[in-house]
Amino acid sequence: MKNSVLSGMRPTGKLHLGNLYGALANWIKLQDEEYDRFYFVADWHALTTGFNESKEIPDNTIEMVADWLAFGLDHEKDTIFVQSLVKEHAELFLLLSMITPVGWLERVPSYKDQIAQLGKSKTSNYGFLGYPVLMAADIIIYKASFVPVGIDQVAHLEFTRELVRHFNNNVEKEVFVEPKPLLTEVPKILGLDGRKMSKSYDNAIYLSDTKEETDKKLRVMFTDPRRKRKTDPGVAEECGIFMLHKIFTEKDKQEEIKQACANATIGCVECKKMLSKNLNDKLEPVRQKREELLNKQDSIKEILIEGSKKAQKVAKNTLDEVKDAIFSNRRIG
Ligand code: TRP
């Protein structure tokens, strides 16, 4: 049996360069490896803190998956699916809830962080407390060995590992494997205002932005504040524009820019123009593919429905094993 990798994203809608060259690039890198790969839309997780925005979830799902596919995720090689279309996740979530100590959930760092960030009204629900249990179910129902995620999700993985040990102990059987996070290096990507690129800061460049919109955003983007005048030397490594050059510009050209910035022989305007060209050249075919995909949304839905059926076969097998372990092979039906 092949090892599996699995990861998911909440359906937040269209993706920005930070999402694409952070998380998604790492998913795509795994395509050549010998794993069964599962990638899914965590729409139930979106409901844990956003029930009042539930109407947006279907459109956000389509937008996000269009970005996945345009950027290179391949539904022939990867199983791409929607969490809520594989009901087995919910059943395993329910079963795991029966053995999950509430204290463990209250100690997960994101629990307190999210309450502080989003406020009590969005987070004082039972489903939100159970977020890590649902996430554990998502992962272990496919017996995933590796989970490519960002550093912010590591505590959830640690929780999953603990829950796996606890469950296996309870049923006295090694039903589940302990998944490991796959933390690959992600490039640092700043937004237009010099803070981390993020949808909630309204400082992001999206794949869905046109060439013109992208150019306009780059023109107003923060550069190294040391460079008040063109004659002031800068530190490229600390400039948001250079961070993007590192993704879109050839290596030897990057070196030249770094030097020219340090010697103040290149201005920020010129540096941005070079980036605009390279970035647009790379993104244009991806933007086109995205457009094409969004023009036939039914085919995106079809991919998700087919993918969910494929995922469901695997999930169902594991769930049967789980129930056999719990009811010591004597379950009825
Ligand atoms: N919690 C993840 C996030 O916010 C999304 C997620 C849900 C996930 N279930 C998962 C990621 C399982 C990896 C594996 O990004």
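## Aspartate 202, out in the open

Aspartate 202 is exposed, with a relative accessible area of 70%. If you are scrolling through the structure, which is a predicted model, look for this residue in the loop between β5 (180-182) and α11. Its backbone is worth a glance too: phi of aspartate 202 is near 55°, a positive value in a residue other than glycine.

The loop also gives a nice sense of distance. Aspartate 202 and glutamate 185 are separated by 17 residues in sequence, and their C-alpha atoms lie 25 Å apart in space.

## Serine 328, after the last-named helix segment

Serine 328 also has a positive phi without being glycine, here near 35°. This serine sits in the segment after α15. Is serine 328 buried, partly exposed or exposed? With a relative accessible area of 48%, serine 328 counts as partly exposed, because the exposed class starts over 50%.

## Where α4 meets α15

Now to the helix that comes before serine 328. Helix α15 covers residues 297-326 and packs against helix α4, residues 88-97, at an angle of about 25° with the axes 9 Å apart. That angle makes α4 roughly parallel to α15, since anything under 35 degrees falls in that class. The crossing of the two helices is left-handed.

On the α4 side, the contact is made by Glu88, Glu91, Leu92 and Leu95. Helix α15 answers with Gln312, Ala315, Lys316, Leu319, Val322, Lys323 and Ile326. How do the residues of this contact divide by chemical character? Six are nonpolar, one is polar and four are charged.

## Where α9 meets α10

Helix α9 (residues 131-140) and helix α10 (residues 154-171) make another pair to look at, with axes that come within 9 Å and cross at roughly 75°. The two helices are therefore roughly perpendicular to each other.

From α9, the contact takes in Tyr131, Pro132, Val133, Met135, Ala136, Ile139 and Ile140. From α10 come His156, Leu157, Phe159, Thr160, Leu163 and Val164. The contact of α9 with α10 has eleven nonpolar residues, two polar ones and no charged ones.

## A mostly covered helix, α12

How many of the nine residues of helix α12 (residues 240-248) are buried? Eight of them are, leaving the helix mostly covered. The buried set consists of Gly240, Ile241, Phe242, Met243, Leu244, His245, Ile247 and Phe248.

These buried residues have several helical partners. They pack against α1 (17-29), α11 (211-220), α13 (251-262) and α14 (268-295).

## Cysteines without a bond

The structure holds zero disulfides. Cysteine 239 is in no disulfide, and the nearest cysteine sulfur, in cysteine 268, is 6.2 Å away. Cysteine 239 is also buried, with a relative accessible area of 8%.

Why is the sulfur of cysteine 271 not bonded to the one in cysteine 239? That sulfur, the closest cysteine sulfur to cysteine 271, is 6.4 Å away, which is too far for a bond, because a disulfide needs the sulfur atoms within 2.5 Å. Like cysteine 239, which is buried, cysteine 271 is buried, with a relative accessible area of 10%.

Key. Residues numbered from 1 in each chain as written. Predicted model: local features only at pLDDT ≥ 70, side-chain atom pairs only at ≥ 80, totals over all residues. Heavy atoms only, no water. Axes fitted to C-alpha atoms, helices over the stretch in contact; angles between N-to-C directions. Helix = DSSP H or I, 4+ residues; strand = E, 2+ residues; numbered from the N terminus. Parallel < 35°, antiparallel > 145°, perpendicular 65-115°, else oblique. Left-handed = near helix turned anticlockwise from the far one by under 90°. Contact = heavy atoms within 4.5 Å. Nonpolar A, V, L, I, M, F, W, Y, C, P; charged D, E, K, R; others polar. Buried < 20%, exposed > 50% of the residue type's maximum accessible area, 1.4 Å probe, protein only.
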